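The exercises below are to be worked with the sequence and the structure side by side. Each task is followed by a solution that proceeds in steps.

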Amino acid sequence: TGLIDCGQLLWGGPLPDFCKGVRWDLIVAADCIYDLQLVEPFCHTLQELCNPSTLVVVAFDRDIGRVAAYDKFSALADRWFVCTEVPLESRATGFDKGSIAFLLMRLKHTS
């Protein structure tokens, strides 16, 4: 048994009440990397929501051509998270389009 919760979350803004004090096990973000100006607020929000055990799954399609946004996301994600891209051969049939990135991310431990 588990609990699934969802609600509106504005990247970069204060966390809404439904997010405060919650220890998220899993955060899924799809098609969120497209606007260069939203990358940093998106990454900051992910960082705020995560605890050391949170798994973040981020998926986006590189074919839409937002190279600057992808590069900025990669740099920020690598700064705050341990990131692993799911290789094509490990993906289910239908999710093996080469331009789609699937990243598994966990917050880096800070000392």
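**Exercise 1.** Is Ser 99 buried or exposed, and what is its relative accessible area? Describe its surroundings as well.

*Solution.* The model is a predicted one, and the values that follow are computed from it. Begin with the location: Ser 99 belongs to the loop that links strand E3 (81-85) to strand E4 (100-107). Next, take the relative accessible area, which is 12% for Ser 99. Because the limit for a buried residue is under 20%, Ser 99 counts as buried. Then turn to the neighbours: leaving aside residues up to four places away in sequence, Ser 99 touches Phe 60, Asp 61, Arg 62 and Asp 63. With one of these, Asp 63, the contact is also polar, since the two side chains approach each other to 3.2 Å, where the cut-off for such a pair is within 3.5 Å.

**Exercise 2.** Find where Asp 35 lies, and determine which backbone atom its side chain reaches.

*Solution.* In the chain, Asp 35 sits in the loop between strand E1 (26-30) and helix H1 (36-49). Its relative accessible area is 29%, and Asp 35 is therefore classed as partly exposed, given that this class lies between the limits of 20% and 50%. The side chain of Asp 35 comes to 2.9 Å from the backbone nitrogen of Gln 37. As a check on distance through space, compare the position of Leu 9: Asp 35 and Leu 9 are 26 residues apart along the chain, and their C-alpha atoms are separated by 17 Å.

**Exercise 3.** Set out the order of the elements in the protein, and decide how its radius of gyration compares with the globule rule.

*Solution.* Counting the elements gives 2 helices and 4 strands, and read from the N terminus they follow the order β-α-β-α-β-β. For 111 residues the globule rule gives 13 Å, and the radius of gyration of the protein, 14 Å, is close to that value, so the protein is as compact as a globular protein of that length. The C-alpha trace spans about 40 × 35 × 30 Å along its principal axes. As for the contacts, among those between residues at least 6 apart in sequence, 69% join residues at least 24 apart. Buried residues account for 33% of the 111 residues.

**Exercise 4.** State how much of the accessible surface belongs to carbon and sulfur atoms, and describe the charged side chains.

*Solution.* Of an accessible surface of about 7200 Å², carbon and sulfur atoms contribute 56%. The protein carries 10 positive and 14 negative side chains, with the centres of the two sets 4 Å apart.

Note on methods. Residues are numbered from 1 along each chain as its sequence is written. This is a predicted model: local features need pLDDT of at least 70, side-chain atom pairs count only at pLDDT 80 or more; totals for chains, interfaces and linings use all residues. Side-chain values use heavy atoms; hydrogens and water are left out. Buried means under 20% relative accessible area, exposed over 50%, partly exposed in between (1.4 Å probe, protein chains only). A polar contact is a pair of N or O atoms within 3.5 Å; within protein, one must be able to donate a hydrogen and the other to accept it, and residues adjacent in sequence count only if both atoms are side-chain atoms. Contact means heavy atoms within 4.5 Å. The radius of gyration is taken over C-alpha atoms; the globule rule is 2.2 Å times the number of residues to the power 0.38. Accessible areas come from the Shrake-Rupley method with a 1.4 Å probe; for residues, only the protein chains shown count as cover. Lys and Arg count as positive and Asp and Glu as negative; His and the chain ends are not counted. The place of a charge is taken as NZ of Lys, CZ of Arg, CG of Asp or CD of Glu.
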